[in-house]
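User: Could you walk me through the backbone oddities and the charged pairs in this model? I would like short answers that I can follow at the bench.

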Amino acid sequence: MRVLGVDPGLTRCGLGVVDGGTGRTVSCVAVDVVRTPVDDTLERRLLAVSDAVEHWLDTYRPEAVAVERVFSQHNVRTAMGTAQAGGVVALAAARRGLPVVFHTPSEVKAAVTGSGRADKAQVTGMVTRLLGLAQAPRPADAADALALAICHLWRQPMRDRLAEAEARAAELARAHKARLAAAAKSAGTVAAVAPRRANTRTPGKGVRG
């Protein structure tokens, strides 16, 4: 499975494509960071991000897109820009019918390093090791994009199995509820018919004295 990981942002937007093999084997296909001028207008910056993502989707043809979810940031302006860039990515993927999954930073860190509290240096180091890269991807946005793709490759199968199990459980619950409703209806019908049958019996003759 091929996944495009995106660490969204206006100033720097990390893009990384990773292929998943048998087991937990992963390999890097491409990685880069899209930069937009801070003094440019918002719409032009979003357009630059959109054009880059469209190009990557057409060039590398991933089967899914993993985007970092804006969890919490003290800088509201930065959080808004990150969310807007993430929306542009999701829109481009949706146009191609690709599934888009948002992963929180702690989920990504836990998947790649085993700890949801890992710092950027630890994430970068593990990404470099897991993908067998000759040198660490820079800046951190590039490593984060690759980490997102790896996280998706490793976590999504479990999510799919969980969703299938939940769907089966829901179907069994609906079937059980339907059987109970049918049994209750049948019992009600029998109870209603019994008095009517009793009322239609021929009255017996009186006892002679």
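Here are a few questions and answers on the backbone and the salt bridges.

Analyst: Happy to help! This is a predicted model, in which local features need pLDDT of at least 70 and side-chain atom pairs count only at pLDDT 80 or more, while totals for chains, interfaces and linings use all residues. Residues are numbered from 1 along each chain as its sequence is written, and side-chain values use heavy atoms, with hydrogens and water left out.

User: Which residue does a cis peptide bond join to arginine 138?

Analyst: Most peptide bonds are trans. Here, omega is about -5° at the cis bond that follows arginine 138. The partner sits in the loop between helix H4 (120-131) and helix H5 (140-199); helices (H or I, at least four residues) and strands (E, at least two) are DSSP runs, numbered from the N terminus. The residue is proline 139.

User: What is the phi of arginine 61?

Analyst: Most residues other than glycine have a negative phi. Arginine 61 lies in the loop between helix H1 (42-60) and strand S4 (64-68), and its relative accessible area of 64% makes it exposed (buried means under 20% relative accessible area, exposed over 50%, partly exposed in between, with a 1.4 Å probe and protein chains only). Although arginine 61 is not a glycine, its phi is positive, at about 45°.

User: How many salt bridges does the rule count?

Analyst: Side chains of opposite charge can pair when their charged atoms come close. The rule asks for a side-chain nitrogen of Lys or Arg within 4 Å of a carboxyl oxygen of Asp or Glu. By that rule, the count is 9.

User: How many residues apart are aspartate 141 and arginine 12?

Analyst: These two side chains form a salt bridge with an N to O distance of 2.8 Å. The pair links distant parts of the chain, with aspartate 141 in helix H5 and arginine 12 in strand S2 (residues 12-20). Aspartate 141 is buried at 12% relative accessible area, whereas arginine 12 is partly exposed at 38%. Their separation is 129 residues.

User: Which residues are linked with Glu54 in a network of salt bridges?

Analyst: Glutamate 54 meets arginine 95 at 3.5 Å, N to O; arginine 95 lies in helix H2 (residues 76-95) and glutamate 54 in helix H1, so this pair ties together parts that are 41 residues apart in sequence. Glutamate 54 also meets arginine 96, at 2.4 Å, N to O. Glutamate 54 is buried at 17% relative accessibility, while arginine 95 is exposed at 59% and arginine 96 is partly exposed at 30%. The residues networked with Glu54 are Asp58, Arg95 and Arg96.
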